[in-house]
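Open the model in your viewer and get ready to make a few selections. We will walk around the ligand together, stop by stop.

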Amino acid sequence: MNLPEAAPTRMLLDGQWTGGAGTFPVLNPSTGEPITHVPRASTDDVARAIDAAAQAQAEWAARPPRERAEVLRRAFELTVAHQDELALVMALEMGKTLKDAHSEAAYVGEFFRWFSEEAVRIGGELRRTPSGTNRILTFRKPIGVALLLTPWNFPAAMATRKIAPALAAGCSVVLKPVSDTPLTALLIAKLLQDAGAPPGVVNVLTTDKAGEFVTTALSDARVHKLSFTGSTGVGRTLLKQAADHVLNTSMELGGNGPFIVLEDAELDAAVEGAMLAKPRNGGQACTAANRFLVHQSVADEFAQRLAARMGALRIGPGTDPATELGPMINARAVDGIADKVDRSVAVGARAVIGAARLDRSGFFYPATVLTDVPRDSAMATEEIFGPVAPIIPVKDDEDAVKLANATEFGLTSYVYGSLARGLRVAERLEVGMVGLNRGLVSDPAALRGREGVRTGMRRRLRRHRRLPGNHLRGDRLVVVCSNNLVPASSCWPGL
Ligand code: NAD
């Protein structure tokens, strides 16, 4: 399958499609072969992109919110019109199945639509001082030039989740996609250009030298915001770098999501939910169920049923409409998964299915279900990012909660059980999102860490005078998403 003709392979810098200092290949993970080559941005390109973004930002911010909203609205319409193309580029360069790719392409547009609606509702606050003598007026202003760094697993959604609120707020952006999946970001840049984003407001630069690129960009004082989605390790490094420049940051990092099956769960529903929370996107989702904490009375039955379903998934290239499980992103990813599986089996985990590399070209790893997984094994403690379901039997709800919380990650979790019991468990989980009797939690209108919903835009606006007691700073916000609580249609079905 070839790259669609309309898909750009050059960078968008100040409204111009441009080359860089050399190129690097973009591989098709289904074959391991190059699809095309894209430019490697030079440090000069980084400086020029920041120049362009800084020049364009004031005029963009000064535009009536309605005008900014209309650009985003057109971007939404264009993503809908170009859904097939977007899906194909993602399936080609990332390897996700066409079904997952279409689902993401639809989700992508929703960020443009949601934030086109938010752009015209930027509020402020009026308060009276405790003495009663003064008034405090707080209003919001765009933070300026935002540097956006995105991962490969949702190459379109992670880009629009950042670009849309930034543009709505009146910021300009320099986006650097990861080198595995630059083509999707370039296509999104084109859709935004076609939607009327002025030159310099959206710049998308590609490179396979992320460290050098980001260090250069962060040392430019005109960059006022760093928004990063990626691994916890890289996030830590970037937080340190950002601290040196006292830079406003948003960090969306890795996960180790527990999927809890309580004693009174409906097993059919739990398996169905697991099939969404685990193999979707080849298990390469920050929100993926990483550990299955299953009540000991149903653990074997759950393992058998899940193995039957996962084992039946048809493996193949992302671009083949019949494929249900695509490749991993690259050879390093396959090595990492195989290593975690091997280390866990060596300390006592039992393979029900999978657990052995496939003899075929491309970067594939088979659907794998492991039982009796030791609680301190690699499978239970590290982010897997592959189609591997480790099952850990738990004694009771208390045991499940304790184990679920025994991690530094706190992104997503899933709970299957009766509503009352499930809610009690959900409340005690130290995570940002809980899917209660649901295997999907993402929704453009729902809060995700500090992104999505209105907060996504507020993080790109600055307050002139900060009020004490900003609840976004002190409290932990938890989104519980459940079919039992809200109509299913209010949660986005795709991602
Ligand atoms: P990654 O951390 O390797 O890369 C993310 C971005 O950082 C890329 O643009 C990359 O080029 C850049 N980068 C990498 N090394 C860098 C360095 N030394 N200096 C500066 N920039 C650098 O992550 P990934 O492998 O692309 O993505 C997978 C990770 O992302 C997983 O851990 C996953 O859980 C996480 N993720 C989180 C969310 C969320 O919303 N929390 C969403 C999707 C993915």
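**Around the ligand**

Start by selecting helix H5 (157-169), strand E8 (172-177), helix H7 (210-218), strand E10 (223-229) and helix H8 (232-244): each supplies at least two residues of the shell around the ligand. Helices (H or I, at least four residues) and strands (E, at least two) are DSSP runs, numbered from the N terminus. This is a predicted model, where local features need pLDDT of at least 70 and side-chain atom pairs count only at pLDDT 80 or more, while totals for chains, interfaces and linings use all residues. Residues are numbered from 1 along each chain as its sequence is written, and side-chain values use heavy atoms, with hydrogens and water left out.

Now colour H7, which gives the largest share of the shell, three residues.

Next, show every residue with a heavy atom within 4 Å of the ligand. You should find 27 residues, the closest being Arg161, Lys176, Ser231, Leu253 and Glu383.

Then colour by domain, with bounds from an automatic or database domain assignment. Domain 1 (11-252) and domain 2 (257-490) each contribute at least three residues to the shell.

Zoom in on the polar contacts, pairs of N or O atoms within 3.5 Å. Which distances separate ligand oxygen atoms from the side chains of serine 231, arginine 161 and tryptophan 152? For serine 231, a polar side-chain atom is 2.6 Å from a ligand oxygen; for arginine 161 the distance is 2.8 Å, and for tryptophan 152 an N or O side-chain atom is at 2.9 Å.

Conventions. A polar contact is a pair of N or O atoms within 3.5 Å; within protein, one must be able to donate a hydrogen and the other to accept it, and residues adjacent in sequence count only if both atoms are side-chain atoms.
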